[in-house]
Amino acid sequence: MDFKRSDFPKDFLFGAATAAYQIEGHQFGGAGPTHWDTFAAGPGNVVRGEDGAVACDHYHRFADDLDLLKDAGMDAYRFSTSWARVMPDGRTPNPEGLDFYDRLVDAMLERGLKPFQTLYHWELPAALADKGGWMNRDTCNYFGDFADVITDRIGDRVNAIATINEPWCISYLSHFLGHHAPGLRDIRATARAMHHINLAHGIGMSRLRAKGMTNCGIVINFDHTAPKDNAPESVAATRTWDAIMNRWFIEATTRGTYPLEALTGLDPHMPRGWEDDMPEISQPIDFLGVNYYTRHKVTADDTSVWPHVATEEGPGDKTQMGWEIYPDGLQSFLTRLSRDYIGDMPIYVTENGMAWDDHVENDAVNDPERTKFISDHIIATKQAIADGANVKGFFYWSLLDNYEWAFGYEKRFGMIHVDFETLKRTPKASYHALKSAIAQ
Ligand code: FCB
C-alpha cells in the first residue's frame, strides 16, 4: 500500500465493517425471521434464493474472526446488532440474543478493538414487516424501544453508535427500485419510507440521549454523480439525482429540510404532518458515517416515470459488482460534506471496499486489485484531511466475504476469504498488505 499509519493523525482509527444478517447466521440463538428471509424466498429476488440462515456462522466463530481483526493491527470494529436477534418479533426481548452481543462486545474489548455499533443494518423483524415495515410510522417508535433494550445491555461498553445504516438503500432502493427487501416499486411506499427512516433516526437519537449516550450518529451512503454530457437536461437530471441519492438524508438530519428537487416528486405521497417531525430528525449528532463505493453518470429520461433520470456507471475500471472504481469521489464527498453540512464534526469512512472474483490457491488469495483499491481510497481520505475534513477513521467493507444481499454469496468483498461450504477463513493478500501499512 502507498501509505502508512504515520501519515495520519495519531487518533485516526483503522478498522473493518460487517453487518449482522450478512455474517452471523440467523438460524442460531433464537433470532426471529427478518424481511430478508421473506424477500430471499420470493422468486428471482436473490441469486439462487440464498439467505442469511448460516452466512459465515460468525455467531459461533466470532472469537476467531475478532482474532483476525486484532492480528491485522486494527483499532476498531464496525458491527450491527440485529433487531430480529434482540427482539425476534420486533417487540419482545430475547435473552439469548442480548447475551450474544454482550459476549461479542466483551470479546472486542479483550482484544483492544473499539466497538462501533450500528443499530439498524437492515435486520427488520418479519413481524414488523407484516405491519407495513418502514411504511408504518409505528415502526419508528418500535425502533426506539429496540434502541433502549440493546443500549441497556451494551451501551456502557461501545465507543460509537450509529442509528441507521444507509437510509437511501432502506427506502428508495427497496421501495421504489425494488432491488432490496421488501422489493416494492411503489412511490407512496417510497415517500413514507424515506421520511420514516429519518424519523426512526431522530427517535433513536432521542432515546440514546435520554440514556446519556455520547458519540451517536448516522451512516449515510453517497454516490458520486456527474452529468454524462453538457446538455442542460443532463445537468438538471444530475441535480435531481444528487438530491435523491445524496442530499435527502444529510439535509434532513443536519438542517431539518428536504431538497426541493426531490420533494417535488415525493410531496404528494408524503405522510401527513411530516414537517412536524423535522426538529426531532435534525437534532445534533456527534459524528457522520460515510459509505462510499462508486460514481454514476446521469442523463435525463423523459420516457420514464419521475424522477425522469437515467444513470449508468462511469467509464473507469469496474469491480466484480460492475461498479466503477473512482477514489476521487471519496475525497470529494468528505470535503463537500464538511464544507456544506457538518463543519468540524468528526466523519468516519464507515464503508468502502470492492468485490472481486477471488479464489484460494495454495492456501492464499492473491488480490492485487483490492490492495490498490484500498490504498487509493485511503490516500483519497488523507487528501480530504489535508483539505480540512475532520476524518477520524476508515473502515474497510468488509472483514469477511459474506451475504451480499440480492447477490447472495456470489460477490466477495472481504479482506478475508470465506469458503461457504467449509466456512474456512483465509486472509487475502490485501489483508496482509493493510496489516503491514498500518503497522508502520
Ligand atoms: C452497502 C451495505 C453493505 C454492503 C455493501 C457492499 O450498501 O451497507 O451491507 O452490502 O454495500
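Begin with the whole protein chain in view: with 440 residues, a compact globule would have a radius of gyration near 22 Å, and the chain has 20 Å, which agrees (the radius is taken over C-alpha atoms, and the globule rule is 2.2 Å times the number of residues to the power 0.38). This is a predicted model, in which local features need pLDDT of at least 70 and side-chain atom pairs count only at pLDDT 80 or more, while totals for chains, interfaces and linings use all residues. Residues are numbered from 1 along each chain as its sequence is written, and side-chain values use heavy atoms, with hydrogens and water left out.

Colour next by secondary structure, and the protein chain shows 15 helices and eleven strands (DSSP runs numbered from the N terminus, helices being H or I of at least four residues and strands E of at least two).

Now select the ligand, and with it the residues that surround it, namely Q22, H121, W122, N165, E166, Y293, E351, W397, E404, W405 and F413 (each with a heavy atom within 4 Å of the ligand). Within this set, a polar side-chain atom of E404 lies 2.7 Å from an oxygen atom of the ligand, while E351 and W405 each place a polar side-chain atom 3.0 Å from a ligand oxygen atom (a polar contact being a pair of N or O atoms within 3.5 Å). The ligand taken alone exposes 300 Å², of which the protein buries 95% (accessible areas by the Shrake-Rupley method with a 1.4 Å probe).

From W397, step to S398: the peptide bond between W397 and S398 is cis, with omega near 10°, and S398 belongs to the loop between strand 9 (391-397) and strand 10 (416-418). Select W306 and P307 next, which are also joined by a cis peptide bond, with omega about 15°; P307 is in the loop between strand 6 (287-300) and strand 7 (309-313).

Finish at N215, in the loop between helix 9 (187-210) and strand 5 (216-227), where phi is near 60°, a positive value in a residue other than glycine. Such places merit a look because most residues other than glycine have a negative phi, and most peptide bonds are trans.

Methods:
Polar contact = N/O pair within 3.5 Å; in protein donor to acceptor, adjacent residues only side chain to side chain.
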